[in-house]
Amino acid sequence: MTATSAGLLLHRRSGGAVEVLIGHMGGPFWARKDAHGWSIPKGLYTDEDPLAAAEREFAEELGTSAPPGPTVPLGSVRQSGGKTVTVFAREGDFDAAVITSNEFELEWPRGSGRMQRFPEIDRAGWFSLDEAAEKLVKAQSVFLDRLRVHLSGA
């Protein structure tokens, strides 16, 4: 069975430019990685409406519900690992400085037998579409292109 994930890409206008909210992935594998070490707040779901899953995951990964507002589907993409990610966009503001992410447990260092807890998202930030394209994992950058098309009215 293919894993499915849903996320919410929050965006705002700042000085005429569009910015998006993305999160840096937590844990030891991503600790020193900035380029392509960020993600749209998202997570796995099974028997759930994708938009409901995206909103739930936003709250779990950032610690607060997403602001309400009209939501635009940006479609799905299959990532290299086989997971299908569906993303929705919503205009709104959010204080990226105050996040409280849920955590996951991992044996670290590998082979040590010692389990440690890490936040799924260790920090979040607002970035221009061009900056976000440099930061997001490569498979998710297509959602920035789709958002750009939507906002242009095309």
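**Exercise 1. Place serine 5.** Work out whether serine 5 is buried or exposed, and what surrounds this residue.

*Solution.* Start with accessibility: serine 5 has a relative accessible area of 1%. Buried means under 20%, so serine 5 is buried. Keep in mind that we're looking at a predicted model. Next, find the element: serine 5 sits in strand S1. Then follow the side chain, which reaches the backbone oxygen of glycine 43 at 3.0 Å. Finally, list who else is around. Leaving out residues up to four places away in sequence, serine 5 touches Lys42, Gly43, Leu44, Tyr45, Lys83, Thr84, Val85 and Thr86.

**Exercise 2. Check helix H1.** Compare the span expected for helix H1 with the distance between its end C-alpha atoms, then look at what lies at either end.

*Solution.* Helix H1 covers residues 50-62, which makes 13 residues. The expected span is 1.5 Å times one less than the number of residues, so H1 should span 18 Å. The end C-alpha atoms are 18 Å apart, and that agrees. Now the start of H1: a side-chain oxygen of aspartate 49 comes to within 3.2 Å of the backbone nitrogen of leucine 51. After H1 comes glycine 63, with a positive phi near 90 degrees.

**Exercise 3. Find the buried side of H1.** Which residues of H1 are buried, and which strands do they pack against?

*Solution.* First collect the buried residues of H1: Ala53, Ala54, Glu57, Phe58, Glu61 and Leu62. They cover an arc of only 140 degrees around the axis, so they lie on the same side of H1. The spacing rule helps here: an α-helix has 3.6 residues a turn, so residues three or four places apart point the same way. Last, name the partners. The buried residues of H1 pack against strands S1 (4-14), S2 (17-25), S4 (42-45), S6 (84-91) and S9 (121-128).

**Exercise 4. Follow the charges.** How many salt bridges does a search of the whole structure find, and what do some of them join?

*Solution.* The search turns up eleven. As a reminder, side chains of opposite charge can pair when their charged atoms come close. Let's take three of the pairs.

- Glutamate 19 and arginine 12 meet at 2.8 Å, N to O. Glutamate 19 is buried at 18% relative accessible area, while arginine 12 is partly exposed at 23%.
- Arginine 56 and glutamate 48 also form a salt bridge, at 2.8 Å, N to O. Arginine 56 is partly exposed at 26%, and glutamate 48 is partly exposed at 26% too.
- Glutamate 55 and arginine 90 meet at 2.4 Å, N to O. This pair links distant parts of the chain, with glutamate 55 in helix H1 and arginine 90 in strand S6, 35 residues apart. Glutamate 55 is partly exposed at 33%, whereas arginine 90 is buried at 4%.

One more step: salt bridges that share partners tie Glu48, Arg56, Glu57 and Glu60 into one network.

**Exercise 5. Explore the cores.** Which residues touch the most other members of the largest nonpolar core, and which elements give two or more residues to this core?

*Solution.* The largest nonpolar core has 18 residues, and Leu9, Val20 and Ile22 touch the most other members. Two or more residues come from each of S2, strand S5 (71-78), S6, helix H2 (129-135) and helix H3 (141-152). Zoom in on isoleucine 22: leaving aside neighbours within four places in sequence, its contacts include Leu9, Trp38, Pro41, Phe127, Ala132 and Leu136. There's also a second, separate core of 17 residues, with Ala6, Leu10, Ala53 and Ala66 among them.

How values were computed: Residues numbered from 1 in each chain as written. Predicted model: local features only at pLDDT ≥ 70, side-chain atom pairs only at ≥ 80, totals over all residues. Heavy atoms only, no water. Helix = DSSP H or I, 4+ residues; strand = E, 2+ residues; numbered from the N terminus. Buried < 20%, exposed > 50% of the residue type's maximum accessible area, 1.4 Å probe, protein only. Arc of directions from axis to C-beta. Contact = heavy atoms within 4.5 Å. Polar contact = N/O pair within 3.5 Å; in protein donor to acceptor, adjacent residues only side chain to side chain. Salt bridge = Lys/Arg side-chain N within 4 Å of Asp/Glu carboxyl O. Core = buried A, V, L, I, M, F, W, Y, C linked by side-chain atoms within 4.5 Å.
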